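Subject: Structure handover

Hello,

Here is the structure I promised to pass on. Please open it beside this email and follow along.

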Amino acid sequence: MRAELEDDMSWRLDEIRHLVNHLLGDKKAGEASVYSLRAILVMQYAHLEGFTRNALALYIKAINAQGIAAKDLQPELLSAALAAEFDGLRRGGDPKDGEGKLATRARQQVAFVRKLQELSDGPISIAAEVAASMEMNLGSDVLKRALVNLAIPVDRVANDQYSSIEFVKRVRNDIAHGSRKENIPEGMFSEHLKRCERFMNGLARVLTQALSEQWFKATP
C-alpha cells in the first residue's frame, strides 16, 4: 500500500510542479499573474482532496482483502460497513405504493438488521465511497470523520496537519467564491505548496503505520 500511496502522491506533485513551471516560468510568485497563481492553488486543493480520498480507499481495500470477521475487528469498522444502512435510516426513504412513512421506516429497520446478520456470519466488506466519502469540501472535520470510521485515533494525525487542511481549503474557497481577486502574497503561495506536500506525506505515514500495526483489529 505504501508503494501505491507514493505513486499517487508522486504524479500529483509532479503535475503541480509542471503547472507551476509552465505558468510561472522564471518568475517569482510575487511577479506572476494573479490568474496563474489562483489556477495553481485551486489545482492543489483538487489534488489534496483526490489524494486523501484515494489514500483512504487504498487502506480500506487492504482491510477488505484480509477477509476478517466482524468479531475480530474494531467496532468502528463494523459501523463503517453499515454506513449505507445508517444513512438510509437517518434520511428515511420513499414509501412504496400504498405504504406510509411508518411502514417504510419499519422496512428499513428490517433491512438494517438483515445486513447486520450477513456481516456477523462472514467477512467484513467496507464500501470506500461511503466510509471515506468526500461529499463536502475536504476539511479537518471530514477527515476526522473518516478516521473515526476506520478506527484510527484522530490524534494520530498531528494538529498541524489539520491546520494545513483548513489553510488550503480556506484559500481555495476564497478563490472559488470570488472573494480573493487581488494579488496573492508570495509567502502565502509558497506556504500553500509546502503544506500540501507535508499533508500528503503525513497522511501516508499514518495509514501505512495503521495497516502495519493492524489498528483495525479488535483488542484481545
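Below is what was found, from the whole chain down to single residues.

**The whole chain**

Please note that this is a predicted model. The protein chain has 9 helices and 0 strands. Read from start to end, the pattern is α-α-α-α-α-α-α-α-α. Along the principal axes, the C-alpha atoms fill a box of roughly 65 × 45 × 25 Å.

How much of the chain is buried? Of its 220 residues, 41% count as buried. The chain exposes about 11900 Å². Carbon and sulfur atoms supply 50% of that area.

Contacts tell you how the chain folds back on itself. Take those with a separation of 6 or more: 78% of them are between residues 24 or more positions apart.

Charges come next. The protein chain has 30 positive and 30 negative charges. Their mean positions are 3 Å apart.

**Rings**

The count of aromatic pairs comes to 1. The partners are Y59 and F216, and their arrangement is edge-to-face. The ring centres are 6.4 Å apart, with 70 degrees between the planes. An angle over 60 degrees counts as edge-to-face, which is why the pair gets that label.

Where do the two partners lie? Y59 is in helix α2 (residues 34–65), while F216 is in the segment after α9 (186–212). The two are 157 residues apart in sequence, so the pair ties together distant parts of the chain. Y59 is buried, and F216 is buried too.

Two rings also have a charge over them. The charged end of K144 sits over the ring of Y162, at 4.6 Å from the ring centre. The charged end of R195 sits over the ring of F167, and here the distance to the centre is 4.4 Å.

**Two positive phi values**

Most residues other than glycine have a negative phi. Two residues here are worth a look on that score.

Take A151. Its phi is near 60 degrees, a positive value in a residue other than glycine. A151 belongs to the loop between α7 (140–149) and α8 (159–176). Is A151 buried or exposed? Its relative accessibility is 11%, so A151 counts as buried.

Now Q214. Its phi is near 55 degrees, again positive in a residue other than glycine. Q214 is found in the segment after α9. Its relative accessible area is 32%, so Q214 is partly exposed.

**Four residues to click on**

Start with F199, in helix α9. F199 is buried because its relative accessible area is 1%, and buried means under 20%. Which residues does F199 touch, not counting those up to four places away in sequence? They are L48, T52, L143, Q161 and I165. F199 and I165 are 34 residues apart in sequence. In space, their C-alpha atoms are 7.5 Å apart.

Next is K169, in helix α8. K169 has 19% relative accessibility, so K169 counts as buried. The cut-off is under 20%. Leaving aside neighbours within four places in sequence, K169 is in contact with Y45, N137, L138 and G139.

Then S133. Look for S133 in the loop between α6 (128–131) and α7. S133 is buried, with a relative accessible area of 17%. Its contacts, again leaving aside neighbours within four places in sequence, are A128, V142 and R145.

Last is Q109, in helix α5 (residues 101–121). Q109 has 42% relative accessibility, so Q109 counts as partly exposed. How far apart are the C-alpha atoms of Q109 and G88? They are separated by 9.2 Å, with the two residues 21 apart along the chain.

**Where to begin**

For a quick tour, try three stops. Go to the edge-to-face pair of Y59 and F216. Move on to R195 over the ring of F167. Finish at F199 in helix α9, with contacts that include L48 and L143.

Best wishes

Notes
Residues numbered from 1 in each chain as written. Predicted model: local features only at pLDDT ≥ 70, side-chain atom pairs only at ≥ 80, totals over all residues. Heavy atoms only, no water. Helix = DSSP H or I, 4+ residues; strand = E, 2+ residues; numbered from the N terminus. Buried < 20%, exposed > 50% of the residue type's maximum accessible area, 1.4 Å probe, protein only. Contact = heavy atoms within 4.5 Å. Areas by Shrake-Rupley, 256 points an atom, 1.4 Å probe, with all protein chains shown as cover. Lys, Arg positive; Asp, Glu negative; His and termini not counted. Charge placed at Lys NZ, Arg CZ, Asp CG, Glu CD. Phe/Tyr/Trp six-rings, centres within 6.5 Å; stacked < 30°, edge-to-face > 60°. Lys NZ or Arg CZ within 6 Å of the ring centre and 35° of its normal.
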